[in-house]
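I set out these entries to record what I looked up in the coordinates, element by element.

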Amino acid sequence: MSEVRNILLIGRTGNGKSALANVISGTNKFREIEDSVSETKELELEMFGYQGIKYRVIDTVGIGDTKLKSKDVLNKVAKACYEVREGLNQIFLVIGGRITEEEIETYNLLKQVIFNEDIYNYTTIVRTRFTDFEDERRCEEDKEKISQENEKLTELIRECNKLIHVDNPPVKGRSATTNKEIREVSRERLLKHLIYDCGNYHPISLDRLNERISSYLTEKVQIKKELEDLKKFQVEEQIKMEAERKRYILINSTLYRL
């Protein structure tokens, strides 16, 4: 078991993923927004403790981000996996209600490219913005409603570890105090789940991915250094050329006076 338990959040832009990261960590370190443009352009992470256990929550760029291509989103999620190279304890697939084909396909692609079939055992679907999350009957009704949308979703819910309902209302305005209490109840619900249903997932493919990402990052640093060296050389050459030009002008000026 790794010393720090890693929780990876993935989900569509606008589903309250960053808000959920704040709820879990008990902080306001993650920027929250409610429209279709993701505030999380790069991965963000935060460490926190609960009942003597250290956790690290990792927020990834949103699936379906209106300003990023699908390939870019997958690359950024892959880079997030580098942060959990010692092992992944839980994936929270964040949904705000109706789950899209795009979300299912992206999750399946991550399963094929980065993880494997075992990832189902470490994935919890988290239904956010559900005001009746403390009412088990209403939660079951919502689960049935979501499951009936398509066969792929029904299979995903069946295969995954669990579906948990929470609410993550914004902590602002007149309802700030009440909403903060709601968030705290949601947090307890999620953290209790993590304590009892949190293994350590470390597929071989993650090792290979980490090697590729490590190599990529090393190469990226090297390229950046080479570009900086080239820029420095160009500046130095420009200074030399300017000095030569001034010297030439001075010599010509001296000769002209003679």
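I looked up first what the buried residues of α1 pack against: β1, β2, β3, β4, β5 and α6. The model is predicted, and I read the contacts accordingly. Helix α1 spans residues 17-25, and nine of its nine residues are buried. Among them I noted Lys 17, Asn 22 and the serines Ser 18 and Ser 25, alongside Leu 20, Val 23 and Ile 24. I then checked what follows α1 and found Gly 26, with a positive phi near 70°.

Entry on the sheet. I traced six strands in an open sheet, ordered β2-β3-β1-β4-β5-β6, with mixed pairing. The edges are held by β2 (44-50) and β6 (162-165); each has a single partner strand, so one side of each lacks a neighbour in the sheet. Averaged over neighbouring strands and ignoring direction, the turn between them is 25°.

Entry on one pair. I examined β1 (residues 4-11) with β3 (residues 53-59), which pair in the parallel sense over six bridges. Within this pair, Leu 9 stands opposite Asp 59 of β3.

Entry on α6. I recorded that helix α6 (residues 176-196) lies across β1, β2, β3, β4 (90-95), β5 (123-127) and β6. Relative to β2, α6 runs at about 80°.

Entry on the surface. I located a nonpolar patch of about 380 Å², made by Ile 223, Leu 227, Leu 230 and Phe 233. Why can Leu 230 count towards a patch? Its relative accessible area is 42%, which makes Leu 230 partly exposed, and patch residues need over 30% and no salt bridge. I placed Leu 230 in helix α7 (residues 204-257).

Methods
Residues are numbered from 1 along each chain as its sequence is written. This is a predicted model: local features need pLDDT of at least 70, side-chain atom pairs count only at pLDDT 80 or more; totals for chains, interfaces and linings use all residues. Side-chain values use heavy atoms; hydrogens and water are left out. Patches are made of residues with over 30% relative accessible area and no salt bridge: like charges are joined within 9 Å, nonpolar side chains (Val, Leu, Ile, Met, Phe, Trp, Tyr) within 5 Å. Accessible areas come from the Shrake-Rupley method with a 1.4 Å probe; for residues, only the protein chains shown count as cover. A salt bridge is a side-chain nitrogen of Lys or Arg within 4 Å of a carboxyl oxygen of Asp or Glu. Helices (H or I, at least four residues) and strands (E, at least two) are DSSP runs, numbered from the N terminus. Buried means under 20% relative accessible area, exposed over 50%, partly exposed in between (1.4 Å probe, protein chains only). Two strands pair if DSSP finds at least two bridges between them. Axes are lines fitted to C-alpha atoms, for helices over the stretch in contact, and angles run from 0 to 180 degrees between N-to-C directions. Contact means heavy atoms within 4.5 Å.
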